[in-house]
Amino acid sequence: MANATFYLITEESHQATPEGFEEYILFLSRHFAKQGAKVYLNCNNKAHAEQIAERFWQVDSSEFMAHNLVGEGPRYATNIEIGYQGVKPSWNRQLVINLAENETTFANKFAEVVDFVPCEEKAKQLARERYKIYRQAGYQLQTIEIKHN
């Protein structure tokens, strides 16, 4: 059974800031990759994907994670691959962390989907639409409120 987990971002959390959200993306990517998952980060567009890839280079060397943009890197890619609508992830991805606002057509290609419910009202509505699409696609859904700052 495929699963989709939505993380609720509250206004008072550190993740509500752009920097805090990117830090949380790195945290989740590291968490899942350490468990052996092949992670795909789905971004809004190429510029967004490049921005996220650059963020991976800005961590302390002790926390560095091998990653690559789709089409770059080793033949079978790294545990963390970054892409966007219009490019196809490597064949071996099990989990997608969706950073795009309204792209959900990829979802049936992954056993696990991680998505977010931001605090901004328009973005929250887009997240509700994605939730409905996952539900209609037969995903087992859960929501988790981000508790730590």
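Begin by selecting residues 39-43 and residues 80-84: these are strand 2 and strand 4, which pair in the parallel sense over 5 bridges. Within this pair, C43 stands opposite Y84 of strand 4. The model on the screen is a predicted one.

**Around strand 4**

Keep strand 4 selected and display its surroundings. Of its 5 residues, 4 are buried, so the strand is largely enclosed by the rest of the structure. Next, add residues 67-69, which form strand 3. Strand 3 runs parallel to strand 4, and 3 bridges join the two. One place to look is H67, whose bridge partner in strand 4 is I80.

**The whole sheet**

Now show every strand. In what order do the 7 strands of the open sheet lie? The order is 3-4-2-5-6-1-7, and the pairing is parallel. Strand 3 and strand 7 stand at the edges; each has a single partner strand, so one side of each is left without a neighbour in the sheet. If the view is turned, the twist can be followed: neighbouring strands are turned by 20° against each other on average, with direction ignored. While tracing the strands, it is useful to recall that side chains in a regular strand alternate between the two faces of the sheet.

**Strand 1 and its two partners**

Select residues 3-8, which make up strand 1, together with residues 112-117, which make up strand 6. These strands pair in the parallel sense over 6 bridges. Here N3 has E112 of strand 6 as its bridge partner. Then add residues 140-145, strand 7, which also pairs with strand 1 in the parallel sense over 6 bridges. On this side, the bridge partner of L8 is E145 in strand 7.

**Helices on the sheet**

Select residues 46-57, which form helix 2. This helix packs on the sheet, where it touches strand 2, strand 3 and strand 4. The direction of helix 2 makes about 155° with that of strand 4. Within helix 2, pick out R55. Is R55 buried or exposed? With a relative accessibility of 14%, R55 counts as buried, because the limit for that class is under 20%. Apart from its neighbours within four places in sequence, R55 is in contact with E19, E22, E23 and L26.

Move on to residues 121-136, which are helix 3. Helix 3 lies across strand 1, strand 5, strand 6 and strand 7, and runs at about 155° to strand 6.

**Two cysteines**

Return to C43 and display its side chain. C43 is buried, with a relative accessible area of 0%. How many disulfides does a search of the whole structure find? The search finds 0. The closest cysteine sulfur to that of C43 belongs to C119 and is 19 Å away, too far for a bond.

**The complete chain**

Finally, show the whole protein chain. It has 3 helices and 7 strands, and from the N terminus on its elements run β-α-β-α-β-β-β-β-α-β. The C-alpha atoms fill a box of roughly 35 × 30 × 30 Å along the principal axes. For 149 residues, a compact globule would have a radius of gyration near 15 Å, and the 14 Å of this chain agrees with that. Of the 149 residues, 44% count as buried. Among contacts with a separation of 6 or more, 65% join residues 24 or more positions apart. The accessible surface comes to about 8,300 Å², and carbon and sulfur atoms account for 50% of it.

Notes:
Residues are numbered from 1 along each chain as its sequence is written. This is a predicted model: local features need pLDDT of at least 70, side-chain atom pairs count only at pLDDT 80 or more; totals for chains, interfaces and linings use all residues. Side-chain values use heavy atoms; hydrogens and water are left out. A disulfide is a pair of cysteine sulfur atoms within 2.5 Å. Buried means under 20% relative accessible area, exposed over 50%, partly exposed in between (1.4 Å probe, protein chains only). Two strands pair if DSSP finds at least two bridges between them. Axes are lines fitted to C-alpha atoms, for helices over the stretch in contact, and angles run from 0 to 180 degrees between N-to-C directions. Contact means heavy atoms within 4.5 Å. The radius of gyration is taken over C-alpha atoms; the globule rule is 2.2 Å times the number of residues to the power 0.38. Accessible areas come from the Shrake-Rupley method with a 1.4 Å probe; for residues, only the protein chains shown count as cover.
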